[in-house]
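Work through the exercises below with the sequence and the coordinates open. Each task is followed by its solution.

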Amino acid sequence: MGDGGERRRWEYWCVALRFSLLLCFVEQVSAQIRYSIPEEVKEGSVVGNVAKDLGLDISTLLERRFRIVSGSKDALFQVNQNNGVLYVYKNIDREELCVGNVACVIDLEIIVENPLEVHYAGVEITDINDHTPSFSEKDIHINIAENKLPGARFELQAARDLDYGINSVRTYKLNQNEHFDLELRDSGEGYKIPFLVLQKALDRELETKHVLLLTALDGGNPPGTGTLNITVTVLDTNDNQPVCSQDVYSVKLQENADIGRIVVRVNATDTDHGSNGEVEYRLGRNLKRGVYDIFELDSLTGEIRVKGPVDFEDNEVYRLNIEASDKGQPPLTVDCRVIIKITDVNDNKPSIGVTSLSKTVSEVSKPGTVISLISVTDKDSGINGKVLASISEDVPFELKPSYKENVYSVVTRGRLDRELVSHYDITITATDCGQPPLSTFNTLNVQISDVNDNSPEFSQDPIELYLVENNAPGASIFSVIASDKDLNENAAISYHIVRGDVFASFLNINCDNGHISALKSFDFETFKTFQFQVVATDSGTPSLSSNVTMNVFILDQNDNAPVILYPVSANGSAAGVEEIPRNVNAGHLVTKVRAYDADIGYNGWLLFSLQEVTDHSLFALDRYTGQIRTLRSFTETDEAEHKLVILVKDNGNVSLSATATVIINVVEHKEAFAASDVKSAVKDEEENSVTFYLIITLMSVSALFIISIIVLIVMQCSKAPVDSSKYLQDVNYDGTLCHSIQYRSGDKRYMLVGPRMSIGSTIVPGSNGNTLVVPENRRRASGEVRTVFEH
């Protein structure tokens, strides 16, 4: 125990010294950094400062997502994003990680972003002497004929050591004896096979058994050992051993060969007779793992057949030792060596590894933006393992090869537009160069993320709105809708009215749905048209907006009763007195009732009728002009005073009216002549006054209409050329004040008329009786008209 403890302390000291030296070893070859550490180091042990060795700014590692993305088997290593140190994350057992006497290197792929950089580092795991040699059996028995000549060799079981390189089995020792010596032969697989060599002839009569001890030593310091007990039994006779027809049998076998196929036939002959000359075959003791599952040997014929699947990718060469023994007592044995070389066929499809940096790509990404890393591999060798990668042609992406073979970057090769294509399925194809070639496909799903690059849009601009006057304050009068091709908050639209115009203060808009409501009731007689603008703004950053012009036309309602202009008495009532001579003839103009209605069209078209009259046979009233004329001459029996009540009403759906009273006094001719001189002056003054007011009123209304028409024409001309007759005005006076105005929009022409209505015009249903539609042969095309009627 004392020697063992001392040796263990010595071993630990050597490992620590080697580890400290190896940690200082960093090399960079072809842009790849390589480190070296021994196995079984503590978790958290520092391998090296990768960021410093790569020349990266340590302060930006966390922001740039400094990380290992591939090559780390079971996450044996990790990097510290705070200082760039590569450290051991899990315990490393080289014998478990790398099988065989080969360099154990773990390749790491390290990525930093913004901009994207890919670096490669290799970590070599070196071996420490943590295993001792061992034999699969503790005891073996060998029968040797006493007549065996010196120099005869007997294959012994080789020891196995899981360590690598110098720490594996280095030599063997045989205990001191006078008959046997030890010889070592290279196996061709990187290890030595011990053979027991007869140095001195045996004599069974002197000694029937020889007990030997074989010791295997590794290259550690101090070396580890393992022992094998050998018992040699000395037998008599059978003095000829079998002889192989060839020292080495070398054959080629194609992988995936059929089960039961004969690979080679080993032939050994023995010149002895009888059972001493009968040869049987068996596989040697020191064969590679898995050989017994792949090949089988016929013990009588020496034929080697395929037993299990043969895969070139698992092993390219198999070396077999075939023991040919006769049936003599003791049996004589010869070793026949067989080398089976496996030839490759193209039986493995390429594999595609995808490292997606992000599944979403902004639509404003510049050409050349990296979205994914692609690696392709093929287990086959030679031309069968050479792989070509390609990408589907109907996508704005392409493959860029890396400096490392079979590694590619998927990058954008054109501008992206989410509104045109929001999703791409990118097909990556990997094809080897074998015959026939094999291919593998992998689909990369990429979503295009939205940015606020589209302004809201209105379906038309400008929008024409026809609103009936006397609307209810606060009620919705119209709704505007804008659309945005973007998504989510970039397409969330809010509305507002551009302030600064007096009419805009009369309106309110719901910022969420675009519903427009009037804060006051509009009066056609006050103003007939106005304009305002609505702005639609999205919620993107920065936000985008667009506006639309709203042209509002107020439509007339029958809300004004006729006003009697004549006769008007001194106290303001609609009553007057007229005197006429008794000797007037039929058709004499007695007087004329004058009235005015502020409405237009049918609502302002006045009709006169006699509501009350003393004698219907004497007087007649013109229903359009309001003129009162005599129907016949007066007789002596006619009354001297006549009272006429005239009803003046408009033509609205619900007509409004006013009455005037005219008292007609019939006088003798002389009295009438005398009175006419007195009254003529007064009447002329009154008529002049009335005429003056009528002219002032007519000029005001005409000026208002002309200004409105000019404004509308200017507005329409700024949009597109239109017919000069879109807005027409016609002011007539023939006993009443009437108006007419025409609106044209789309394929309909709207006319608001006075007492002289065009022949062939028709009333539009639902127009409240004040709107006419001009027949088809008088229409012309124009833009869409929206009319809102308030009831």
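**Exercise 1. Overall make-up**

How many helices and strands are there in the protein?

Solution. The model is a predicted one, in which local features need pLDDT of at least 70 and side-chain atom pairs count only at pLDDT 80 or more, while totals for chains, interfaces and linings use all residues. Residues are numbered from 1 along each chain as its sequence is written, and side-chain values use heavy atoms, with hydrogens and water left out.

Step 1. Helices (H or I, at least four residues) and strands (E, at least two) are DSSP runs numbered from the N terminus; the protein has five helices and 57 strands.

Step 2. Of the 791 residues, 45% are buried (buried is under 20% relative accessible area, exposed over 50%, partly exposed in between; 1.4 Å probe, protein chains only).

Step 3. Take contacts (heavy atoms within 4.5 Å) between residues at least 6 apart in sequence: 66% of them join residues at least 24 apart.

**Exercise 2. Two threonines**

State whether threonine 429 and threonine 233 are buried or exposed, and list their contacts.

Solution. Step 1. Threonine 429 belongs to strand 31 (residues 423–432). Its relative accessible area is 15%, so threonine 429 is buried. Apart from neighbours within four places in sequence, threonine 429 contacts Ile352, Leu388, Ala389, Ser390, Thr440 and Phe441.

Step 2. Threonine 233 sits in strand 15 (residues 225–235). It counts as buried because its relative accessibility is 19%. With residues up to four places away left out, threonine 233 touches Ile142, Asn143, Ile144, Thr208 and Lys209.

**Exercise 3. Salt bridges**

Describe the salt bridge of arginine 282 and then that of aspartate 615.

Solution. Step 1. A salt bridge is a side-chain nitrogen of Lys or Arg within 4 Å of a carboxyl oxygen of Asp or Glu. The structure holds 16 salt bridges.

Step 2. Arginine 282 pairs with glutamate 323, with 2.8 Å between the closest N and O atoms. Arginine 282 lies in strand 20 (residues 279–283) and glutamate 323 in strand 23, so the bridge ties together parts 41 residues apart in sequence. Arginine 282 is partly exposed at 40%, whereas glutamate 323 is buried at 4% relative accessibility.

Step 3. Aspartate 615 bridges to arginine 632, the closest N and O atoms being 3.4 Å apart. Aspartate 615 is in the loop between strand 46 (607–613) and strand 47 (619–621), and arginine 632 in the loop between strand 48 (627–630) and strand 49 (641–649), so this pair ties together parts 17 residues apart in sequence. Aspartate 615 is partly exposed at 22% relative accessibility, and arginine 632 is partly exposed at 24%.

Step 4. Salt bridges with shared partners join Arg65, Arg67 and Glu113 into one network.

**Exercise 4. A nonpolar patch**

Which residues make the nonpolar surface patch of about 270 Å²?

Solution. Step 1. Patches are made of residues with over 30% relative accessible area and no salt bridge, like charges being joined within 9 Å and nonpolar side chains (Val, Leu, Ile, Met, Phe, Trp, Tyr) within 5 Å. Areas come from the Shrake-Rupley method with a 1.4 Å probe, and for residues only the protein chains shown count as cover.

Step 2. The patch is made by Ile706, Ile710 and Val714. Isoleucine 706 is placed in helix 5 (residues 669–719) and is partly exposed, with a relative accessible area of 44%.
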